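Colleague: Could you walk me through this model? I would love to hear about its internal spaces and one of its sheets.

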Amino acid sequence: MAFDIEMIRKVYTEMPGKIEAARKALGRPLTLAEKILFSHLHNDQKLQNFDRGVNYVDFAPDRVAMQDATAQMALLQFMQAGRPKVAVPSTVHCDHLIQAKDGANKDLETALNTNKEVYDFLASVSNKYGIGFWKAGAGIIHQVVLENYAFPGGLMIGTDSHTPNAGGLGMIAIGVGGADACDVMAGLAWELKWPKLIGIKLTGKLNGWTSAKDVILKVAGILTVKGGTGAIVEYFGEGADSISATGKATICNMGAEIGATCSLFAYDEKMAAYLKGTLREDVAELADQIREHLRPDEEIYSSPEKYYDQVIEINLDELEPHVNGPFTPDLAWPISRFAEAVKVNNWPEKLEVALIGSCTNSSYEDITRSASIAQQAVDKNLKSKAEFTVTPGSEQVRYTIARDGLLNIFDKIGGVVLANACGPCIGQWSRHIDDPNRKNSIITSFNRNFAKRNDGHSGTHAFVASPEIVTAFAIAGDLTFNPLKDKLKNENGEEVMLDEPTGHELPARGFAVEDAGYQAPAEDGSSVEVAVSPESQRLQLLAPFAAWEGTDLYGLKLLIKAKGKCTTDHISMAGPWLKYRGHLDNISNNLLIGAVNYFNDKTDSVKNQLTGEYGPVPATQRAYKAQGIGSIVVGDENYGEGSSREHAAMEPRHLGVRAILVKSFARIHETNLKKQGMLALTFVNKEDYDKVQEDDMIDIKGLSQFVPGKTLTVVLNHTDGSKDEFEVNHTYNDQQIEWFKAGGALNIIRMKFAVGG
């Protein structure tokens, strides 16, 4: 029986009536995303025809998922909410804190010792508050969720930007910060701006070397890293129905790279087969009973341009394998043009490391297709020219592929199996390299490839492709190789070609596992103790942020004017900093250390206006905080792109930054800033960014009349006595303004659930 089957049964029982009411209210057919959203409106939310991209709407998600790096802060916040148990089914997954270095067994053993304090905290807090706990080694959160919890037509939030992976099973699954998760676990409504809708019609069928990964690599090239911001991307058409459930999940997972709220596929036979293959036939039977409600209305298919804000059509028959990168996931190259791009741009042609797996591409189908290429290398007397690593997505996948002999195939070409964890995908990689400063190339089947993302080295050119293409490149060791047409010279000096990959969507003998790694919570957790040592360097109980003082803000220092791309990796790096994810003060020492200072083109080097000297960003901000001086951060386009990590919002808040002023925000980061009581502002005229000078004293006026839809005023007081004054926008609604005034959303939750209150 599936987890939480009664909850799923209740959703399906109520869904048809709610959808019919919405269809009647709108007077038109509904897309799948609309059906799921309308059927998950919070009880206090009035049904109406919401304006896309305009109206804030309250929802009631079915469940919450958290990974260990973000769960620490989410649960530290939840502990202050005053509830004895989570209000909706919730889980914690220990996948981010395992560093890839020596191989699966040694790395897991090291992680268990190194992170014992954190794992014990997460296990005990989960046990106390009724949260399912998946131990280290159980697998990557998104793969485990797909195998156990995702269900067609559901609504889930997760404290990781790749939560949309569950869209592969027809679920609206959205990445959020820990404060949002805290709200839902506390039984409160979850707020989201009613999304725009992008429809992607898939025709034809994948063939040859082309895989589901190439669909999203192509889409990323079309929409760019911010083209999906504020939108749900809904895939439809006969091509969509032909893709496996795990292939659909790959596409939805990497939709985070285009800024999409989430991505979604309609319920079909592929999803039903996957549910049955993962021992959830009961869910498939329930879904079959309301199948029509788990797909768009028929009229949507015939006239999609009437119902989506944007429609893109991709013919899978003609789709080429793609390689995206370097340094950004939307720089898309069809394989036929990639070799030329490598040469023209002078990217390192020699491939040093090839890595397959991750939450994006670690399914049984992915592994079997890659293994078919590896087996050819064995049969045709080829050896891997590059280092080659394999990251299984879950213990269930790892156990099954070991049983079926696939790991032995990778071993024969020198592949190293890493732990069932995020590893190099998130920078948890102790890479063996002779000179970390030299230019070099790697290729992965992961999702992100920002500079320094995988190994912390700025010279590493990271490219993204499907697992089978990555495996072929590993064998060739050369990025100018095209496996569709180029030959390789084997150990005997013979020229051979690789044949097209083959694979299986599901294991013929079914999935198997001895210990999946799950720990159920106590029925009554009231007596469970959650201990956090005051001396701990890994965990720190939270103190409430101060409420707004009730006045305009004057005399703010400019902490940094960030130049160009400034992702959450630039604002709050992962890698070695992951160990401090439960200790706000310690992790704040990485605040904006990766951002490029506009005034000197350096990272982690800003002018301290108190001393006139240049120094690290965190130390400079701590100096301002010690003097009781607020500050402001100025940024460029799509500020906060990437991960859902709310540390990127909590760190500046903790250190005394009062406002973030940018050209545009990524969705999750803007919400995280609001939740923590920060001012998230955008330039009305983007050219005003150029007016900000290094030594400015900055005022923010109009806060006493802070209301939705009304601009605020920023005054730049320059050192020569002149001023620049201009309007700035915000997207705060009434509730979010209350968060700001209270000093953060958690302060309001605490008041609502005060003991005896």
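Colleague: Which helix gives the largest share of the lining of the largest cavity?

Modeller: Happy to help, and please keep in mind that this is a predicted model. The largest cavity holds about 200 Å³ of space. Its lining counts 22 residues, with A256, G259, G642, A666 and I668 the closest to its centre. The largest share of that lining is three residues, and they come from helix α23 (residues 667–675).

Colleague: Nice! How many residues in the lining of the second largest cavity are charged?

Modeller: That cavity has a volume of about 170 Å³. Among its 21 lining residues, H96, D160, H162, I426 and R453 lie nearest the centre. Asp and Arg count as charged. Over the whole lining there are seven nonpolar and nine polar residues, and the charged ones number five.

Colleague: On to the sheet, then. Which strands are at its edges?

Modeller: Four strands make up an open sheet with parallel pairing, in the order β10-β9-β8-β11. An edge strand here pairs on one side only, and that holds for β10 (262–265) and β11 (310–315).

Colleague: What is the bridge partner of I198 in β11?

Modeller: Let's start from strand β8, which spans residues 196–203 and pairs with β11 in the parallel sense over six bridges. I198 has its bridge partner in β11, and that residue is Q310.

Colleague: And at what angle does helix α8 run to β11?

Modeller: Helix α8 covers residues 212–223 and lies across β8, β9 and β11. Its direction relative to β11 is about 135°.

Conventions. Residues are numbered from 1 along each chain as its sequence is written. This is a predicted model: local features need pLDDT of at least 70, side-chain atom pairs count only at pLDDT 80 or more; totals for chains, interfaces and linings use all residues. Side-chain values use heavy atoms; hydrogens and water are left out. On a 1 Å grid over the protein atoms alone, a cavity is a set of points where a 1.4 Å probe fits but cannot get out, and a pocket is an open set with protein on both sides within 12 Å along at least five of seven lines; lining residues have an atom within 4 Å of a point. Grid points are joined across faces, edges and corners, and a volume is the space filled by probe spheres set on the points. Helices (H or I, at least four residues) and strands (E, at least two) are DSSP runs, numbered from the N terminus. Two strands pair if DSSP finds at least two bridges between them. Contact means heavy atoms within 4.5 Å. Axes are lines fitted to C-alpha atoms, for helices over the stretch in contact, and angles run from 0 to 180 degrees between N-to-C directions.
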